[in-house]
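This report sets out the architecture, confidence, pockets and local backbone features of a single chain. The account is meant to be read alongside the sequence and coordinates.

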Amino acid sequence: MNGVLNVYKEAGFTSHDVVAKLRGIAKQKKIGHTGTLDPDAEGVLPVCLGNATKLCGLLSEKEKTYQAVLLLGRTTDTQDTSGKTLSQSPVNVKEDGIREAVLSFLGDYDQVPPMYSALKVGGKKLYELAREGKEVERKPRRVRILDITIHWIRIPEVCFTVTCTSGTYIRTLCYDIGESLGCGGCMKSLLRTRVDRFQLEESLRLSQIEEIAREGRLPEILLPVDEVFPAYPKLWIREESNRLVHNGNPFSGSDVERILEADESAGANAGEASDGHVRVYDSSGSFVGIYRRAEAVYRPVKMFLS
């Protein structure tokens with residue numbers, strides 16, 4: 001089976017746990033997730049099956065949306081409430097000051113990755129070093145907070161939704177907000193509500209997926225690989241040019257049978273958003289891969305032929 005499952009990862013599972021369980025449910029080895037969620041976090045975790053595993057890197061780089069609860073007045077070694085308490089302070093700040101501090105992180109800022117993360121330094125994951133009691137210098141990384149909506153403030157807790165670029169740690173954002181207020185802070189809970197086009201409302205728990213698989217309907221809930229790119233126009237190749245795309249070669253406009261504009265679901269400006277990328281199909285309608293037009297030539301970006 002080839003496609004993407006929109007999984008609701010429950011608390012207590014690691015992202016690798018989800019993949020391992022799905023291998024058993026789908027009876028298929030070639031499965032990969034699209035970006036780690038902490039064991040205590042819940043929410044959307046797109047999981048790729050078959051040739052869709054080539055999407056893992058692409059999807060992990062997409063925008064994500066989270067709902068988080070920040071606890072002010074406490075810092076921990078993991079930057080969330082599951083960690084060891086490092087400091088506790090009174091929260092001597094008013095609601096307006098908290099609101100201003102949270103919203104001040106809109107836009108670009110340099111974020112230092114937490115020690116409890118899967119980033120590697122010297123070939124070793126940071127969380128492995130942290131468990132050994134070691135702390136190493138981490139270089140700040142530029143991240144972008146695209147949107148923040150504050151839902152409520154009940155001091156010392158703040159609930160907000162944030163949309164951000166890939167590589168942003170919400171635990172660290174909570175820590176940084178606490179530091180800016182002078183009282184410290186850590187993350188109490190985290191729910192990922194969106195990864196690109198994958199929404200929380202459409203996600204399925206492992207128990208639901210297992211039941212669907214038992215009924216033999218698993219292919220029905222798989223999103224086909226080409227539908228992950230609704231903003232890209234569809235392009236069909238002439239029969240005599242099939243060999244070019246089947247071998248991953250570039251092709252020209254004379255090899256094109258027809259082009260269909262981007263899916264309506266991608267929005268009115270989808271064609272412009274594609275930046276020259278197209279979804280390429282052979283003459284029989286089989287999805288071949290993503291190409292990009294450069295002048296008069298289409299060149300392969302990512303091939304998905306099994």
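## Overall architecture

The secondary structure of the chain comprises eight helices and 19 strands. The model is predicted. Along the principal axes, the C-alpha atoms occupy a box of roughly 75 × 45 × 40 Å. The chain has 306 residues, of which 47% are buried. Of the contacts between residues at least 6 apart in sequence, 66% link residues that are at least 24 apart.

## Confidence

The mean pLDDT of the chain is 90, and 96% of the residues reach at least 70. Among the elements, strand β11 (residues 157-164) has the highest mean pLDDT, 98, while helix α8 (residues 270-273) has the lowest, 46. Over residues 266-272 the pLDDT stays under 50, and the model gives this stretch six contacts beyond four places in sequence. Where pLDDT is low, the predicted coordinates should not be read in detail.

## Strand β1

Strand β1 (residues 3-9) is largely enclosed by the rest of the structure, because seven of its seven residues are buried. Both of its faces are covered. On one side lie Gly3, Leu5, Val7 and Lys9, and on the other Val4, Asn6 and Tyr8, all of them buried. The strand runs antiparallel to β3 (residues 42-49), to which seven bridges join it. Within this pairing, Val7 of β1 stands opposite Leu45 in β3.

## Pockets

Rolling a probe the size of a water molecule over the atoms shows where empty space is left. The table sets out the two largest pockets.

| Pocket | Volume | Nonpolar lining residues | Polar lining residues | Charged lining residues |
|---|---|---|---|---|
| Largest pocket | about 1,000 Å³ | 12 residues | 14 residues | nine residues |
| Second largest pocket | about 370 Å³ | seven residues | six residues | five residues |

The largest pocket has a volume of about 1,000 Å³. It is lined by 35 residues, and those closest to its centre are Thr36, Asp38, Ala118, Tyr169 and Arg171. Elements that each supply at least two lining residues are α1 (15-26), β4 (64-72), α4 (126-131), α5 (170-181) and β12 (185-195). Of the contributors to this lining, β12 gives the most, with three residues.

The second largest pocket has a volume of about 370 Å³. Its lining consists of 18 residues, with Asp77, Leu86, Met115, Glu135 and Arg138 closest to the centre. Both β5 (74-76) and α5 supply at least two residues of this lining. The largest share, three residues, comes from α5. Helix α5 also supplies at least two residues to the lining of the largest pocket.

## The surroundings of Val121

Val121 is placed in strand β8 (residues 120-121). With a relative accessible area of 35%, Val121 falls between the limits of 20% and 50% and is therefore partly exposed. Leaving aside neighbours within four places in sequence, Val121 makes contact with Leu126 and Val136. The C-alpha atoms of Val121 and Arg138 are 8.4 Å apart in space, and the two residues are separated by 17 residues in sequence. Arg138 is also one of the residues closest to the centre of the second largest pocket.

## Backbone exceptions

Most residues other than glycine have a negative phi, and most peptide bonds are trans. Which peptide bond is cis, with omega near 15°? The bond in question runs from Ile155 to Pro156. Pro156 lies in the loop between β10 (141-154) and β11.

Lys27 has a positive phi of about 55° although it is not a glycine. This residue is found in the loop between α1 and β2 (31-33). Lys27 is exposed, because its relative accessible area of 75% is over 50%.

Gln79, likewise not a glycine, has a positive phi near 70°. Its position is in the loop between β5 and β6 (85-88). Is Gln79 buried or exposed? The relative accessible area of Gln79 is 10%, which is under 20%, so the residue is buried.

Notes:
Residues numbered from 1 in each chain as written. Predicted model: local features only at pLDDT ≥ 70, side-chain atom pairs only at ≥ 80, totals over all residues. Heavy atoms only, no water. Helix = DSSP H or I, 4+ residues; strand = E, 2+ residues; numbered from the N terminus. Buried < 20%, exposed > 50% of the residue type's maximum accessible area, 1.4 Å probe, protein only. Contact = heavy atoms within 4.5 Å. 1 Å grid on protein atoms, 1.4 Å probe; cavity = no way out; pocket = protein on both sides within 12 Å on 5 of 7 lines; lining within 4 Å. Points joined across faces, edges and corners; volume = space filled by probe spheres on them. Nonpolar A, V, L, I, M, F, W, Y, C, P; charged D, E, K, R; others polar. pLDDT = per-residue confidence, 0-100. Pairing = 2+ DSSP bridges.
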